[in-house]
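Me: Please take a close look at the salt bridges in this predicted model, and go through the pairs one after another.

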Amino acid sequence: MSAFKYRHFQREIILQCVRWYCKYGISYRDLEEMMEERRVRVDHTTIYRWVQRYAPELEKQMRWYKKFSFSGSWRVDETYIKVKGVWKYLYRAVDKYGRTIDFYLSHTRNTKAAKRFLQKAIKGLKEWEQPYVINTDQNSTYGKAIKMLKEEHRLSASTEHRKAKYLNNIVEADHGKLKRLIKPTLGFKSMKTAYATIKGFETMRMFKKGQFDLFMYGAKSKLMGEIRLIDRQFDYF
């Protein structure tokens, strides 16, 4: 059964709203007005529900594509976002060129959370696809987590753990660009909605970084390739 079957709007309109919201850092009310200018009357709460439903699905479908786009030199760090008035921890990893590898939203900032994130990042990667170096700050939890993953044979024993703060400037700068998208949300109400929305933000950031360009070959423009590739992810629905 199609996931769009009982929607009152066409699939193209729904995906356009999800893509615009996750790409341009606008509020739901602003997007409501923008759609009204295009003679499409849709309430901002409806757009919110669309983002919660389809942004995580888009991120899930794009996981296979992204693994071809990053190098084996990783930069790992965490940043803070506010959920229901409380600061939570967003773990993120990019490669030395700033291309997104993975992310994970956590209640805590400890060894257990660091391990969960790294385990998620390397899941599905063959040994030769795993990083040859993971650079972190001086946070001791990363070293412990990496050691545990090696002992469990989840992470290659040859992976080097390096602690060079200046090398993490690239991931810290990327935090700021992501937060510019998060700012118009005026805070998340729950971990579930926060994580679902961030999945959409991170995926659209990957498009901007050119991580899916290989799969948009032949499109008339990068924008049209982006639209076509996103639409293709929902063909099975």
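Reply: A good place to start is Glu-226, which counts as buried because its relative accessibility is 6%, and buried means under 20% relative accessible area. The side chain of Glu-226 meets that of Lys-23 in a salt bridge, at 3.3 Å from N to O. Since Glu-226 belongs to helix 8 (residues 222-232) and Lys-23 to helix 1 (residues 11-24), the pair ties together parts that are 203 residues apart in sequence. Lys-23, for its part, is partly exposed, with a relative accessible area of 25%.

A second pair is formed by the side chains of Arg-205 and Asp-174, which meet in a salt bridge of 2.7 Å, N to O. This pair also links distant parts of the chain, with Arg-205 in helix 7 (residues 191-208) and Asp-174 in helix 6, 31 residues apart. Both Arg-205 and Asp-174 are buried. As for the surroundings of Asp-174, helix 6 (residues 169-182) lies across strand 1, strand 2 (86-95) and strand 3, and runs at about 35° to strand 1.

A third salt bridge joins the side chains of Lys-222 and Asp-213, at 3.8 Å from N to O. Here Lys-222 is partly exposed, with a relative accessible area of 42%, and Asp-213 is likewise partly exposed, at 33%. Elsewhere, salt bridges that share partners join Arg-92, Asp-174, Glu-202, Arg-205 and Lys-209 into one network. The pairs described here are among the 17 salt bridges that the structure holds.

Technical notes:
Residues numbered from 1 in each chain as written. Predicted model: local features only at pLDDT ≥ 70, side-chain atom pairs only at ≥ 80, totals over all residues. Heavy atoms only, no water. Contact = heavy atoms within 4.5 Å. Axes fitted to C-alpha atoms, helices over the stretch in contact; angles between N-to-C directions. Helix = DSSP H or I, 4+ residues; strand = E, 2+ residues; numbered from the N terminus. Salt bridge = Lys/Arg side-chain N within 4 Å of Asp/Glu carboxyl O. Buried < 20%, exposed > 50% of the residue type's maximum accessible area, 1.4 Å probe, protein only.
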